[in-house]
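Ever wondered how a label like "buried" or "cavity" gets attached to part of a protein? Let's go through some of these labels together and check each one against its rule.

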Amino acid sequence: MSKYTMKSKEIPFHDSYEVIVVGGGPAGCTAAAAAAREGARTLLIEATGSLGGMGTNGLVPAWCPFSDKEKIIYQGLAQKVFDSLKAVMPHVRKEQVDWVPIDPEKLRRIYDDLVTEAGAEVLFQTMLAGVETDGNGGVEALLVLNKGGLQAYRADVYVDCTGDGDVAAWAGADYQMGDAATGDLQPATHCFVLGNVDEYAYLNGPNLHGENPDSPIFGVLASGRYPLIPDSHLCNNLIAPRAVGFNAGHLWKVDNTDAHSLSKALIQGRKMAEQYREALAEARPAAFGASYVASTGTLMGTRESRRIIGDYVLTVEDYVERRSFADEICRNSYFIDVHGTEEMEKHSDRATLHIKHYGPGESHGIPYRCLTPRSLRNLLVAGRSVSCERRVLGSVRVMPVCLAMGEAAGLAAALAAKLPGGDVHAVDVQLLRRRLKEEGGYLPDVEQAEPAGR
C-alpha cells in the first residue's frame with residue numbers, strides 16, 4: 001500500500017467541551033450520561049445513526065444476565081436502562097433479570113433519552129478519522145468526518161468507547177489483540193431478526209438452542225442442504241410480536257479494525273441469515289414457514305478486538321479467585337464465554353469449560369486501573385477494549401458490565417477534567433467510588449481487597 005500526503009488546509013475546530021466520548025454503544029451512552037450528570041460539557045460522537053451499539057444496531061436479541069443469581073449487580077445507570085426497556089416490553093416478566101429479550105427500536109429511544117436528558121450532546125453519522133497528540137502522553141484533539149467535512153474537536157478528557165480501542169491505539173497506547181501465538185480472534189456473529197413467526201408454535205415447539213440435544217439445528221446440519229450454516233450456535237428470543245431475534249452461527253477470521261475483512265463478513269452474514277430462514281422454515285414449518293428476514297444487523301457482532309494495556313491487566317487468576325480491589329468501579333459475574341476456533345465450535349469442545357461458573361452471590365471486581373491506558377494522560381477506555389487478559393475478555397465484553405464500566409469512566413472523566421492536564425491517573429478513586437455508590441452503583445465494601453497500587 002502506497003502513501004498519500006494531504007495538502008495542508010484549515011478545518012473547523014470545536015473546543016467548547018470538557019469531555020468527549022467516542023462510540024455510542026452501552027459503555028459510551030452511560031459514560032456520556034454520567035459525565036454530563038456531573039456537570040461536564042459533554043459530547044458523544046457516534047459513527048452510526050442511533051445509539052446502543054450491539055443491542056440496537058447489532059440486533060443482539062437478549063441481555064446477558066444482570067444478576068449474580070441472587071440479585072442484580074449491574075446497578076446505577078445500567079439498571080436504569082435495563083428496567084426502562086423491560087417496562088415497555090409487555091411480554092417480559094417484571095421479575096426476569098437474566099437473558100431478557102431486547103426490542104432494538106425501543107432500546108434506541110431509551111438510550112437517546114438517557115444521554116440527552118443528562119445534558120450531553122450527540123453527534124451522529126460522524127466517524128473518527130484521526131487523533132492528534134502532544135507527544136507527551138496527551139490527546140490534543142480528535143479529527144472526525146461527517147457531512148460537514150473533516151473537523152477537529154478538543155476536550156480536556158476523552159473516553160474511548162469504540163469497542164476497538166481506536167482512540168487509544170491511534171494515540172499510541174500499547175495494546176494486545178487476539179491469541180498471542182496465532183493471532184486468532186474469537187469468531188464474529190451477524191445477528192438477524194425473522195418476522196411473521198407464529199408465536200404459539202415457536203414457544204411450544206422444541207428449544208432451538210444448540211445446547212438442547214433435541215434442537216432441530218442438528219438435523220439441519222446433518223442434512224447438508226445448508227452449507228452456509230456453520231455450527232449449532234443458535235441463541236434466539238422473542239423480541240416483539242411475531243418477531244424472533246437470532247444470535248446464530250459464526251464467522252471466522254473477522255477483524256473489526258480492517259474494513260475489507262468486515263465488509264466481506266457483513267455480505268456473508270446477510271446470506272447466512274436467509275439460509276437460516278430457509279432451514280428453519282423446513283425444520284419448524286408451523287413456526288417459521290411464513291417467516292421472512294425482517295432485518296440484519298448494521299453492526300457485526302464482534303467478540304474480540306484490541307485490548308488496551310492499562311495500569312492494571314485483569315487476569316484469569318483474578319476471575320477464578322473472585323478477587324476484589326480497593327479501586328474497583330463495578331462488579332462482574334458473567335461466565336468466561338470464549339468462542340473458539342472453527343474446529344472447536346463444530347465439536348462443542350469449548351476451551352473454557354474447566355473454569356467453573358460462579359455460584360449464587362459470587363462476583364469479582366474490575367479495578368479503575370483497567371480503564372486508564374498506561375501511557376496516556378487524559379484518555380479513559382471503557383467497554384470490551386479495557387485492559388484484561390484475552391480469556392477474561394470473554395467475560396467482561398458483554399453489555400451489562402460495559403454499561404457499568406461506562407458510567408464509571410464518564411464520572412471519572414468529569415472528575416479528571418478538573419485536574420491539571422485532565423490527568424485520569426490522578427483521579428481520587430475513593431471519591432469516584434463514593435459518587436458511584438450515591439448514584440446507585442453496586443460496590444460492596446470488602447474487608448480484604450487487593451491494594452490499589454498493585
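Q: Why is Trp99 called partly exposed?
A: This is a predicted model, and in it Trp99 has a relative accessible area of 40%. Buried would need a value under 20%, and exposed a value over 50%. Since 40% falls in between, Trp99 is called partly exposed.

Q: Where is Trp99, and what makes its phi worth a remark?
A: Trp99 sits in the loop between α2 (77-87) and α3 (104-118). Its phi is positive, about 55°, although Trp99 is not a glycine. Most residues other than glycine have a negative phi, so a positive value goes against the general trend.

Q: Which label does Arg242 get for its accessibility, and why?
A: Arg242 has a relative accessible area of 37%, so it is partly exposed too: that value lies between the 20% and 50% limits. You'll find Arg242 in the loop between β11 and β12 (243-248). Its phi is also positive, near 60°, and again the residue is not a glycine.

Q: Why is Asn236 called buried?
A: Asn236 comes out at 14% relative accessibility, and buried means under 20%, so the label fits. Asn236 belongs to strand β11 (residues 234-240).

Q: How do you know that the side chains of Asn236 and Tyr202 make a polar contact?
A: They are joined at 2.7 Å, and the cut-off for a pair of N or O atoms is 3.5 Å, so the distance passes. The side chain of Asn236 also has a polar atom 2.8 Å from the backbone oxygen of Leu234. If you skip residues up to four places away in sequence, Asn236 touches several others, among them Leu208, His209 and Phe246.

Q: Is Val159 buried or exposed, and how do you know?
A: Val159 has 1% relative accessibility, which is under the 20% limit, so it counts as buried. It is part of strand β8 (residues 157-160). Leaving aside neighbours within four places in sequence, Val159 is in contact with residues including Val19, Val21, Leu379 and Ala413. As for Lys7, its C-alpha lies 30 Å from that of Val159, with their positions 152 residues apart in sequence.

Q: What makes Ala259 count as exposed?
A: Its relative accessibility is 55%, and exposed means over 50%, so Ala259 makes the cut. Ala259 lies in helix α7.

Q: How do you know that the length of α7 is close to what is expected?
A: Helix α7 (residues 259-283) has 25 residues and spans 36 Å from its first C-alpha to its last. At 1.5 Å a residue, 36 Å is also what you'd expect, so the two values agree.

Q: What caps the N-terminal end of α7?
A: Asp258 does: one of its side-chain oxygens is 2.9 Å from the backbone nitrogen of His260.

Q: Why is Ser223 called partly exposed?
A: Its relative accessible area is 27%, between 20% and 50%, so neither of the other two labels applies. Ser223 lies in helix α6 (residues 217-223), and its side chain reaches the backbone oxygen of Val220 at 2.7 Å.

Q: Which accessibility label fits Lys71, and why?
A: Partly exposed, because its relative accessible area of 30% lies between 20% and 50%. Lys71 is in the loop between β3 (42-45) and α2.

Q: What does the side chain of Lys71 join up with?
A: It makes a polar contact of 2.7 Å with the side chain of Asp68. Leaving aside neighbours within four places in sequence, Lys71 is also in contact with Phe66, Gly361 and Tyr442.

Q: How many cavities of 30 Å³ or more are there, and what makes them cavities?
A: The count is 3. They are called cavities because a 1.4 Å probe fits inside but cannot get out. The largest cavity has a volume of about 100 Å³.

Q: Which residues line the largest cavity?
A: The lining includes Ile73, Tyr74, Cys330, Glu407 and Tyr442. The elements that give two or more residues to it are β15 (328-332) and α12 (399-416). By class, the lining has 8 nonpolar, 2 polar and 2 charged residues.

Terms used:
Residues numbered from 1 in each chain as written. Predicted model: local features only at pLDDT ≥ 70, side-chain atom pairs only at ≥ 80, totals over all residues. Heavy atoms only, no water. 1 Å grid on protein atoms, 1.4 Å probe; cavity = no way out; pocket = protein on both sides within 12 Å on 5 of 7 lines; lining within 4 Å. Points joined across faces, edges and corners; volume = space filled by probe spheres on them. Helix = DSSP H or I, 4+ residues; strand = E, 2+ residues; numbered from the N terminus. Nonpolar A, V, L, I, M, F, W, Y, C, P; charged D, E, K, R; others polar. Polar contact = N/O pair within 3.5 Å; in protein donor to acceptor, adjacent residues only side chain to side chain. Buried < 20%, exposed > 50% of the residue type's maximum accessible area, 1.4 Å probe, protein only. Contact = heavy atoms within 4.5 Å.
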